[in-house]
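Biologist: Hi! Could you walk me through the empty spaces in this protein?

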Amino acid sequence: MELKWVVTVFHPWKPSELHTLPLLLLIILPLCSFNLSQCFDLDPEDKASLLLFRSSVKDPGQSLETWVGPNCTNWTGISCENRTGRVVSVNLANMNLSGKVHPGLCELSFLEYLKLSQNNFNGTIPTCFGSLGSLKTLDLSHNSFSGVLPDDIVRLRQLRELVLNANRELGGVLPWWIGNFSSNLEKLDLSSNSFHGEIPESVFYLKSLKHLDLGDNHLSGNIHEYYQSLEFLNLASNQLFGTLPCFSASTQSLTVMILANNSLVGGIPTCIASLEALTHLNLSFNHLSYGLSPRLVFTEKLLVLDLSFNDLSGPLPSKIAEATEKSGLVLLDLSHNHFSGKIPLRITELKSLQALFLSHNLLTGAIPARIGKLTYLQVIDLSHNFLSGSIPLDIVGCFQLLALMLNNNNISGELQPELDALDSLKILDVSHNKISGEIPLTLAGLKSLEIVDLSSNNLSGTLNDAITKWSNLKYLSLYQNKFSGNISSWLFTFEAIQMIDLSGNKFSGVIPDGSFNISFHNNNGNSDRAPKEPFIAMRNAEIKISVMVIDSSELSFNYKVSSTVGIDLSDNLLRGEIPDVLFEAEGLEYLNLSYNFLEGELPSLENMWNLRVLDLSHNSLSGQIAANISTLKDLVFLNLSYNSFSGSVPDDQGYQRFPGAFAGNPDLCLETSGEGCDRASLPAVPGKTFEEVEGPILVWVFCVSAFVSFYFGVVALFCSARARSYILQTKF
């Protein structure tokens, strides 16, 4: 509710108009009574209590510097009763205050509203809060309070709102009295804390309760029916089990129900669809099973339906929610289940749909041709299914699309030139399919693209200039296709690029000797990454998409891409020398040029401080191994095998941590402690010595020789008439 103040304009007062003074006073007095604290001083006792509280608080922003003088209006966050000057409200939310709460605050005996949320207060919740008998709202959320909930809270009989969420060290067993200490309690929020044990039975029967949030704790026990008219229920991220109740008492009131990330089992009862006011339903990350009943049809008021990460199976329902032109589902997430069969055509009737997640199921058939009717769609994720056919041209009707993920299916056909109509698209992932043809030049119109993954298809042709228009590109993978031709220098100049993967193609020519972008040069690192993650996975990008429905018509889309900063040109037909400028990109973490025909000497690596993976194996590189490679502290994988390196590798350079890194370089020797140069220690196969492979080879040669000898012996016998006659006589 917004409070609007009306300023009254008075004409100048003149002494000759003294007869108008009583009328003027009659006007001013109602104005003073309208403002709760403007015309009265702060009660001296309450003032002393507030100053005691301030004395124990750290206030770097000096928000409480206004706590001077007698006028209550000037005191930040304080409201007083208009006749007595007693403090009735303390609202110090989000002021960057810290320290312990001084008990002096408990002397405000007329206090009705106390809000200290979004600060850094610590210690235990003062037991003296129980003496604030007039308190109606207590909000200590988003602080660092610890310990248990004091039993003295039970004395707050007038309390309507108890909000203590996001105090991670606050916990213990939920008190038995939490559901019956105040018959006026409407809102109870203890989420994101450390409470454990079962939910007290008194909570199920508290008639006044409308908003219950116990999510993100360690609560256990059976999921229970609630016998009041709830409007909001969040029990997510606990350890609750059992089957879903119907919540019959909240049929006409419950708008939000979040039970995600528990251990709920069984099917979804059709009675859930009878919750007429429901707008958000999240049952994800449970163990719900069986199919969805055709009678499970929600009302058009439902905006969000998330049933992802369960064990649901069977066909997708032809109709899951009512819809009109102006209302209906905004987000539908049925991903990570076992749904099978085709995507129903009636899904295109959900005209309000903005995000559709059906990935990681067993869906077959083609993408519905009429999907373009969903003109509000921003996210389509149909990845990791068994979908076939081509990408329907009608999809360009989804002109607001931001993310299109069709990877890991059996989709064939070509990338249509008309896809350039999706000019808002940021993420395009059609990898691991059977798409063929070339990248159309018209796709230059996709100027918003940031993530492009076309890997593991049958695409061919050269890198055309369409890609140059994707100026916001962060990740590009063309791995395992049939692209050919030269690699253009502009490919490495995108300002935000983090990973370029062109491996497994037929690119030829030389690696362009040009400038590399700022991302390859400046890398702040990623401390969250495991220090020794598998190097093969480092070239892949992990994309986390988050969508949130703000209201009935707006969806907030965000994504985060976690990718190694790297270049992979391996398994191509590249020749020539490696340009020195490539080894001056100090931000690179991953560089793989293996399985090409590169030659020349290895440039200096002293500037590549962030390098973690270097693979130059199976080329024709020569010269000596640079000693400074061992100074790269973050390097976890090194492979220079099967080249033509020469000279010696000193023992004190620490190369022992890369076994097999120098195999197949016959002119290279490894220095060992006190034994000089040892060429025989170079294994013929990375990681294996000659002695380890000699035994199996000899066995194989013996078997082949024995078979050949036996074969020729039999042929010789049957070519001899006397031997053939003897054998036949013996047999019969």
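Modeller: Sure, we can look at cavities and pockets, then an annotated domain and a few paired strands. Keep in mind that this is a predicted model.

Biologist: Great. How many cavities of 30 Å³ or more are there?

Modeller: The count comes to 2 cavities. About 40 Å³ of space lies in the largest one, and the second largest also holds about 40 Å³.

Biologist: How do people find empty space like that anyway?

Modeller: A probe the size of a water molecule is rolled over the atoms, and this shows where empty space is left.

Biologist: Neat! Which residues line the largest cavity?

Modeller: Its lining is made of L404, L415, L419, L422, L425, L428, L443 and L446. By class, that gives 8 nonpolar residues, with no polar and no charged ones.

Biologist: And what lines the second largest cavity?

Modeller: There you'll find I343, I347, T348, L356, P368, I371 and L382. This lining has 6 nonpolar residues and 1 polar residue, and no charged ones.

Biologist: Okay, on to pockets. How much space lies in the largest pocket?

Modeller: About 1,300 Å³. The largest pocket is lined by 45 residues, and those nearest its centre are F357, D381, I543, K544 and I545.

Biologist: Which element gives the most to that lining?

Modeller: That would be strand 37, with 8 residues. Elements that give two or more residues to the lining of the largest pocket include strand 18 (280–282), strand 22 (331–333) and strand 37 (542–549).

Biologist: What's the mix of residue classes in the pocket lining?

Modeller: The lining of the largest pocket divides into 18 nonpolar, 18 polar and 9 charged residues.

Biologist: Changing topic: what does UniProt place at residues 44–80?

Modeller: The unreviewed UniProt entry has a domain feature there, "Leucine-rich repeat-containing N-terminal plant-type". In the model, residues 44–80 are 32% helix and 8% strand, and the end C-alpha atoms of the span lie 12 Å apart.

Biologist: Last topic, strands! Do strand 32 and strand 34 run parallel or antiparallel?

Modeller: Parallel: 2 bridges join strand 32 (residues 458–461) to strand 34 (residues 482–486). For G461, the bridge partner in strand 34 is F483.

Biologist: How many bridges pair strand 34 with strand 36?

Modeller: Strand 34 pairs with strand 36 (residues 506–510) over 3 bridges, in the parallel sense. Here N486 has S508 of strand 36 as its bridge partner.

Biologist: And where do side chains point in a regular strand?

Modeller: In general, they alternate between the two faces of the sheet.

Definitions and conventions: Residues are numbered from 1 along each chain as its sequence is written. This is a predicted model: local features need pLDDT of at least 70, side-chain atom pairs count only at pLDDT 80 or more; totals for chains, interfaces and linings use all residues. Side-chain values use heavy atoms; hydrogens and water are left out. On a 1 Å grid over the protein atoms alone, a cavity is a set of points where a 1.4 Å probe fits but cannot get out, and a pocket is an open set with protein on both sides within 12 Å along at least five of seven lines; lining residues have an atom within 4 Å of a point. Grid points are joined across faces, edges and corners, and a volume is the space filled by probe spheres set on the points. Ala, Val, Leu, Ile, Met, Phe, Trp, Tyr, Cys and Pro count as nonpolar, Asp, Glu, Lys and Arg as charged, and the others, Gly among them, as polar. Helices (H or I, at least four residues) and strands (E, at least two) are DSSP runs, numbered from the N terminus. UniProt positions are given in the numbering used here, feature names are shortened, and annotations may be inferred rather than shown by experiment. Two strands pair if DSSP finds at least two bridges between them.
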